[in-house]
Amino acid sequence: MQELEERILTEGVIRPGNVLKVDGFINHQCDVDLFDRMGAEWARLFAGRPVDKILTIEASGIALASIAALHFGRVPVVFARKSVGKNLDGDLYHAVVHSYTHGVDNNVIVERRLLNPGENVILIDDFLANGAAIRGLLEICDQAKVNVQGIGIAVEKGFQTGGHDLRAMGYDVQSLAIVQEMDADTGTIRFA
């Protein structure tokens with residue numbers, strides 16, 4: 001998606017450790033007009049597939065998934081939580097997800113009543129690097145016996161293994177921007 005690539009080029013900041021900071025429009029401050037166009041693009045890319053729900057992970061994926069859901073017929077959005085609160089009933093799907101950005105493991109959970117066997121889901125997330133978050137969501141999908149119709153990613157780091165691995169597993173991964181190379185020293189970014 002050219003608009004997203006242009007925003008990354010003009011506003012993205014490369015941090016040490018191959019971290020791409022896009023917090024001015026994706027994951028700290030949300031450009032909802034951009035999100036709306038991204039949701040429309042995912043709906044176009046996954047057109048014709050049944051979608052009962054969108055599944056994402058806390059926290060940055062929630063806004064993207066919610067706006068995208070409008071373009072999939074206003075389906076519900078379910079998000080995997082990174083902590084168990086007092087308001088959860090204990091009947092949970094869970095997976096352990098390593099956060100590349102934060103360098104910690106999170107035990108992510110979804111209440112069983114929110115994902116039902118046979119439902120069709122699209123996974124949406126802001127970033128795909130090594131694929132840990134998406135693999136965690138896929139583990140939850142497997143536990144819930146739901147059908148994954150596709151995976152929508154805002155920004156994929158094509159130089160890391162996540163996208164390649166998921167596609168090799170047979171998943172339809174549609175990334176709106178694939179960063180093929182980035183250099184913190186020069187501040188340059190090259191897209192696939």
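At what angle do the axes of α1 and α2 cross? Keep this question in mind while selecting the two helices; the model on screen is a predicted one.

**Stop 1: the crossing of α1 and α2**

Select residues 2–11, which form helix α1, and then residues 32–45, which form α2. Their axes come within 10 Å and cross at roughly 140 degrees. Angles over 145 degrees would count as roughly antiparallel, so α1 and α2 are oblique to each other. To see where the helices touch, show the side chains of Glu3, Leu4 and Arg7 on α1, and those of Leu34, Arg37 and Met38 on α2; these residues make the contact.

**Stop 2: the two sides of α1**

Stay with α1 and color Leu4, Arg7 and Ile8, which are buried. Why do they lie on the same side of α1? They cover an arc of only 100 degrees around the axis, and that places them together on one side. Now turn to the other side of α1, where Gln2 and Thr10 are exposed.

What covers the buried residues of α1? Add β2 (19–21), α2, β8 (147–157), β9 (173–183) and β10 (188–191) to the view; the cover includes these elements.

**Stop 3: Ile8 and the largest core**

Center the view on isoleucine 8. Setting aside neighbours within four places in sequence, isoleucine 8 is in contact with Leu20, Val22, Phe25, Val155, Ala177, Ile189 and Phe191.

Next, select Leu4, Ile8, Leu20, Trp42 and Phe72. These are the residues with the most contacts inside the largest nonpolar core, which has 33 residues. Which elements each supply at least two residues of this core? They are α1, α2, α3 (60–71), β7 (120–128), β8, β9 and β10. Apart from this core lies another, of 25 residues; to find it, select Leu128, Cys141, Leu166 and Val173, which are among its members.

**Stop 4: salt bridges**

Side chains of opposite charge can pair when their charged atoms come close. How many salt bridges does a search of the whole structure find? It finds eleven. A few of them can be visited in turn.

- Begin with arginine 37 and glutamate 3, whose closest N and O atoms are 2.7 Å apart. This pair links distant parts of the chain, since arginine 37 is in helix α2 and glutamate 3 is in helix α1, 34 residues apart. Arginine 37 is partly exposed, at 38% relative accessible area, and glutamate 3 is also partly exposed, at 28%.
- Move along α2 to glutamate 41 and arginine 44, where the side chains meet in a salt bridge (2.6 Å, N to O). The two are three residues apart in helix α2, so about one helical turn separates them. Glutamate 41 is partly exposed, with a relative accessible area of 22%, whereas arginine 44 is exposed, with 51%.
- Go on to glutamate 111 and arginine 113, which form a salt bridge of 3.3 Å, N to O. Are these residues buried or exposed? Glutamate 111 is buried, at 9% relative accessibility, and arginine 113 is exposed, with a relative accessible area of 57%.
- Finish with Arg7, Glu11 and Asp31, which are linked in a network of salt bridges. Arg7 has appeared before: it is buried in α1, and it is one of the residues in the contact between α1 and α2.

Methods. Residues are numbered from 1 along each chain as its sequence is written. This is a predicted model: local features need pLDDT of at least 70, side-chain atom pairs count only at pLDDT 80 or more; totals for chains, interfaces and linings use all residues. Side-chain values use heavy atoms; hydrogens and water are left out. Buried means under 20% relative accessible area, exposed over 50%, partly exposed in between (1.4 Å probe, protein chains only). Helices (H or I, at least four residues) and strands (E, at least two) are DSSP runs, numbered from the N terminus. The arc is that of the directions from the helix axis to the C-beta atoms. Contact means heavy atoms within 4.5 Å. A nonpolar core is a set of buried Ala, Val, Leu, Ile, Met, Phe, Trp, Tyr and Cys residues joined through side-chain atoms within 4.5 Å. A salt bridge is a side-chain nitrogen of Lys or Arg within 4 Å of a carboxyl oxygen of Asp or Glu. Axes are lines fitted to C-alpha atoms, for helices over the stretch in contact, and angles run from 0 to 180 degrees between N-to-C directions. Angles under 35 degrees count as roughly parallel, over 145 as roughly antiparallel, 65 to 115 as roughly perpendicular and the rest as oblique.
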